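Visitor: I have a chain on the screen and would like a tour of it. Could you take me through it by question and answer?

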Amino acid sequence: MTQTMKMSGFDWLLLAALSLLWGGSFFFVQLAVGHLPAFTIVLLRVSLAAVALGFVLLATGTAFPKGWPVWRALLVMGAVNNALPFTFFVLAQGEIGSALAAVLNATTPLFTLVVAHIWTSDERLSPAKSLGLALGFAGVLVMMGGAALAAGSATVLAQMACLGAALCYALASVWGRRFKRMGVPPLATAFGMLTASSLMMLPLVLLVDRPWALPLPGAVPVAAILGLALLSTALAYQIYFRLLASAGAVNLALVTFLIPVSAIGLAVLVLGETLAPRHMAGMGLIALGLLVLDGRLRRAKAPSAGSC
């Protein structure tokens, strides 16, 4: 059994910053929705972030992705980790608030567990993981059932879009394992998938959104797009990979619990959003399921054992 890496005080600070940046992405999207079309929001997010990370690669001397096999894999990664989920969330937040979208995003580890069980041989469902999975999806049903179904099809479809985005992230987490074997540095992978998703979104923006016919956006949506691209995407990726190296994947998974907290805080304090009782109940079940999946409670109760 491998022990969890110990986190320094600076690691905890970075983890809090990462949760605020990723939680803030829902806040920034909510500010931009209604002022800019969905595909345009996504294109601006991924393209500006790609340019920013390109400068980081140049400044650090990190090699850019090379070769068709690498770029073919990056095209898939760009679709499932950026283009599709970002679009789903923007479309969803035209119907539901940022707080609820962030809570539904927290189901990503649940979908990851299912995808990894199906497509990998080293991450299988155990009884404890199955319990966590059941609790998490019970939370989703609580949030979407009953009154939620009666609220209207647009609301239900928006919540389904958020779950679709979480499934995309789960697929990306499994697909992304190949880049280490291919020798592509993490930041180069981030740059490559953002570049690939920019190429995917550009034709949609030109054909559907027709940006030349749009009125100029105001200061608020422009600031929101810059925050979304440069802070919640480019800077967040740099912090993510820094934490992955210093604190490890197990500790980094804690950000899953913190993102809804920061997103809900921004939504309530700045946007004036509220969550219905069923949303709070569902969020509690999802959080409990994630705690079971995380395993920290089980390890805390179990006798101490050395690494082997």
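Visitor: Let's start with Phe64: what is its relative accessibility, and how does it count?

Guide: Gladly, and please keep in mind that this is a predicted model, in which local features need pLDDT of at least 70, side-chain atom pairs count only at pLDDT 80 or more, and totals for chains, interfaces and linings use all residues. Residues are numbered from 1 along each chain as its sequence is written, and side-chain values use heavy atoms, with hydrogens and water left out. Buried means under 20% relative accessible area, exposed over 50%, and partly exposed in between, with a 1.4 Å probe and protein chains only. Phe64 therefore counts as partly exposed, at 29%.

Visitor: How many aromatic pairs are there?

Guide: Rings of Phe, Tyr and Trp (for Trp, its six-membered ring) pair if their centres lie within 6.5 Å; planes under 30 degrees apart count as stacked, over 60 as edge-to-face and the rest as tilted. By this rule, the count is 8 aromatic pairs.

Visitor: What kind of pair do Phe64 and Phe191 form?

Guide: Their ring centres are 5.1 Å apart. The planes stand at 85 degrees, so the pair is edge-to-face.

Visitor: How many residues apart in sequence are the parts that this pair ties together?

Guide: Helices (H or I, at least four residues) and strands (E, at least two) are DSSP runs, numbered from the N terminus. Phe64 lies in the loop between α2 and α3, while Phe191 sits in helix α10 (residues 186–209). Phe191 is buried, with a relative accessible area of 13%. The pair thus joins parts whose separation in sequence is 127 residues.

Visitor: And Tyr237 with Phe241: what is the angle between their planes?

Guide: This aromatic pair is stacked, with 6.3 Å centre to centre. Tyr237 and Phe241 are 4 residues apart in helix α11, so about one helical turn separates them. Tyr237 counts as buried at 10% relative accessibility. The angle between the two planes is 15 degrees.

Visitor: Which residues form one aromatic cluster with Tyr237 and Phe241?

Guide: The cluster brings together four names, two of which you have just given me. The others are Trp22 and Tyr240.

Visitor: Is Asn82 buried or exposed?

Guide: Asn82 is placed in helix α3 (residues 68–92). Counting contact as heavy atoms within 4.5 Å, and not counting residues up to four places away in sequence, Asn82 touches Val46, Met77, Thr87, Met193, Leu194, Ser197 and Tyr237. Its relative accessible area is 0%, so Asn82 is buried.

Visitor: Which residues does Thr189 contact, leaving aside neighbours within four places in sequence?

Guide: Thr189 lies in helix α10. At 8% relative accessibility, Thr189 counts as buried. Its contacts beyond those neighbours are Leu74, Phe179 and Val184.

Visitor: Which residues have the most contacts inside the largest nonpolar core?

Guide: A nonpolar core is a set of buried Ala, Val, Leu, Ile, Met, Phe, Trp, Tyr and Cys residues joined through side-chain atoms within 4.5 Å. The largest one has 91 residues. Leu243, for example, touches Asp11, Leu14, Leu15, Leu18, Gly248 and Leu252, not counting residues up to four places away in sequence. Those with the most contacts inside the core are Leu18, Leu53 and Leu243.

Visitor: How many residues of helix α4 are buried?

Guide: Helix α4 spans residues 98–105 and is mostly covered. Among its buried residues are Ser98, Leu100, Val103 and Asn105. The count is 8 of its 8 residues.

Visitor: What is phi of Arg210 near?

Guide: Most residues other than glycine have a negative phi. Arg210 is found in the loop between α10 and α11, and is partly exposed, with a relative accessible area of 42%. Its phi is positive, near 45 degrees.

Visitor: How far apart in space are Met280 and Val222, C-alpha to C-alpha?

Guide: Met280 has its place in helix α13 and counts as partly exposed at 42% relative accessibility. Met280 and Val222 are 58 residues apart in sequence. In space, C-alpha to C-alpha, they are separated by 32 Å.

Visitor: And what separates the C-alpha atoms of Ala287 and Thr256?

Guide: Ala287 is in helix α13 (residues 277–294) and is partly exposed, with a relative accessible area of 31%. Ala287 and Thr256 are 31 residues apart along the chain. Their C-alpha atoms are separated by 9.2 Å.
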